[in-house]
Amino acid sequence: MRKTVPIIITFIAGAIMILESYIQSDFLYKFVQSYLARAVTVSTAWAVGLGAVNIIRVHGRRIQNKRPSYFYSIVLLITFFWFSILGFVMQKHNSDVFYLFFYDNILLNLSATMYSVLAFYIGSAAYRSFRVRSIDATMLLLTSIIVMLGAVPIGQAIWPGFPTLSSWIGANINTPVLRAMTIGLTLGGLTQSMRNLIGIERGHLSGGE
Amino acid sequence: MQGLIRRMYNVDRRVIYAILLLAMALPMFFTLGLPINIDTYVEAAYNVVNELPEGSVIWIGCEYSASQIAEIKPMLQAFARLALQKGHYIYIGSAFADGCTTAHNWLQGVFAETGAVNGENYVIFGYRPSFNSTMEAVRSSVVEAMSDRDHYGNKLSDKPIMKHFEKASDIDLVIVFDSGSPGSDDYIAVWRSQGEVNLMICGATGVELPNQLVKYDAGLLQGVVGGMNGAAQLEKLVGVPGSATKGMDSQGLAHLTIIAFMVIGNIGYLLAKKQDKKVS
């Protein structure tokens, strides 16, 4: 029962969504728009709530048991509650000046810093990994140099052909490979969806048989 | 000699970090100001917005998180500035929690500069979770899909700008700022493939650019602006240089530094290999 009912609901909902794309029917269209689409929004909102409760439980336990690096859990929970309270209490919610002060000066800067730090890791990783160990690795090294120089004005100043060469690599090598990958991924996604829809895939229903 | 070779292909990562930091920081004080070359796909994106008839309805999808500020902020500002100068109406939505909050922050200067009024020239819908269901609902009624509330909690149906935009088929152009999923793929699947929207352009982060160019080549996107380089090109086309233009010198020197390290590492690697052969 625990598995059969969700499988039946999944099949009916999925079949309606598929039919709505292929059959011109006002009834189906309205049903999808006014019921199924809203049901997904409500489920997502519940999932966000569930995630919040889970964060509090997991990190609350870490603090309670004084596990290694529990200090970071304290920081996480303080900021979590602080931003939640600000969002709820402030008159203009997340567009309130007071809320935005913390958003701009804490979250925005920390997020941008985390993302920017990648440049240093990539620099170090490129130095260590792009070695001329084989023909393949040499081709990768040369391509990366051309693309990097083609992407910045300084590359064009060194040799005006870099942007053209970089674009050629993008259009004639990168694009076909990405297309092939996309088609493969889409076929994989389609197969997985069909498995979910007809109940072959049951891993998400409390795992295992 | 052996010690030098070993050092060449085994430079401490902290040295790489320090030199990279210098390479990125120095151009902030000494501008190189190298000319910026315009790519065809960036020019195409600019032309789409520029050539739309006055009063067109433009949906701006802010599908990114705050961490992408360096790349997305300048292109968002440039597109919004161009659209408002041309007298278009812009409607900003997002399925990313940060999307509309950052759009509100980053566009205040552009709104003030162009004299745009909230509810008349632009509207920010606010964060809506569950992208597909919300976008599907916009196909029949945008006000209902947004629960008749904007980012600030005000009634949408009271705003004069909403009379130009009832449902997805009223949209003349979609500009998606893409940093992953949901992104331009999802807009294409929900709106474009259903025939609701015919013009779509994308502002993407640098890592997302190759994915967007595939769609541009296939005719699914009419223009693409990618990374800080693309944003700098757009700023040049709009005629208002901003943070992306300033950042290009830093990015250029950083690329050169990484290439220099790669070359040094490979020279060291080849010399060490040669020495090992001699010994054996």
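**Chains A and B: helix packing and the sheet**

Me: How do α5(A) and α12(B) run, roughly parallel or roughly antiparallel to each other?
Reply: α5(A) and α12(B) are roughly antiparallel to each other. Bear in mind that this is a predicted model.

Me: Why does that pair count as antiparallel?
Reply: The angle between α5(A) and α12(B) is about 160°. Angles over 145 degrees count as roughly antiparallel, so the pair gets that label.

Me: How far apart are their axes?
Reply: The axes of helix α5 (residues 135-150) of chain A and α12(B) are 10 Å apart. The crossing is left-handed.

Me: Which residues meet there?
Reply: From α5(A), they are A:Leu141, A:Ile145, A:Met148 and A:Leu149. From α12(B), they are B:His255, B:Ile258, B:Ile259 and B:Met262. By class, this contact has seven nonpolar residues, one polar and no charged ones.

Me: Zooming out. How many residues of each chain are in contact?
Reply: 50 residues of chain B contact 48 residues of chain A.

Me: Which helix of chain B gives the largest share of its side?
Reply: α12(B), with 15 residues. Helices that each supply at least two residues include α2 (13-25), α4 (69-85) and α5 (99-106) of chain B. α7 (131-138), α10 (209-217) and α12 (243-279) of chain B do so too.

Me: And by class, what is on that side of chain B?
Reply: The side of chain B that touches chain A has 26 nonpolar, 21 polar and three charged residues.

Me: New topic, the sheet in chain B. What is the strand order?
Reply: β3-β2-β1-β4-β5-β6. The six strands form an open sheet with parallel pairing.

Me: Which strands sit at the edges?
Reply: β3 (122-127) and β6 (223-226) of chain B. Each of these pairs on one side only. Across the sheet, the twist averages 15° from one strand to the next.

Me: How many bridges join β4(B) to β5(B)?
Reply: Five. β4 (residues 173-178) and β5 (residues 200-204) of chain B run parallel. For a landmark, B:Phe177 in the model stands opposite B:Gly203 in β5(B).

Me: Which strands does α10(B) touch?
Reply: α10(B) packs on the sheet and touches β4, β5 and β6 of chain B. Its direction makes about 170° with that of β6(B).

Me: Back to helices. At what angle do α4(B) and α11(B) cross?
Reply: Roughly 25°, and their axes come within 8 Å. Angles under 35 degrees count as roughly parallel, so α4(B) is roughly parallel to α11(B). This crossing is left-handed.

Me: Which residues make that contact?
Reply: α4(B) brings B:Ala70, B:Glu71, B:Pro74, B:Met75, B:Ala78, B:Arg81 and B:Leu82. α11 (residues 227-238) of chain B brings B:Gly227, B:Met228, B:Gly230, B:Ala231, B:Leu234, B:Glu235 and B:Val238.

Me: How do those residues divide by class?
Reply: Nine are nonpolar, two are polar and three are charged.

Me: Last topic, confidence. What do the chains average in pLDDT?
Reply: Chain B averages 91, and 100% of its residues score at least 70. Chain A averages 88, with 97% of its residues scoring at least 70.

Me: Where in chain A is confidence lowest, and where is it highest?
Reply: Confidence is lowest in helix α2 (residues 26-64) of chain A, at a mean of 87. α5(A) has the highest, at 93.

Me: What are the scores for the model as a whole?
Reply: The model scores ipTM 0.83 and pTM 0.85.

How values were computed: Residues numbered from 1 in each chain as written. Chains lettered and ligands numbered in written order. Predicted model: local features only at pLDDT ≥ 70, side-chain atom pairs only at ≥ 80, totals over all residues. Contact = placed C-beta atoms within 7 Å. Helix = DSSP H or I, 4+ residues; strand = E, 2+ residues; numbered from the N terminus. Nonpolar A, V, L, I, M, F, W, Y, C, P; charged D, E, K, R; others polar. Pairing = 2+ DSSP bridges. Axes fitted to C-alpha atoms, helices over the stretch in contact; angles between N-to-C directions. Parallel < 35°, antiparallel > 145°, perpendicular 65-115°, else oblique. Left-handed = near helix turned anticlockwise from the far one by under 90°. pLDDT = per-residue confidence, 0-100.
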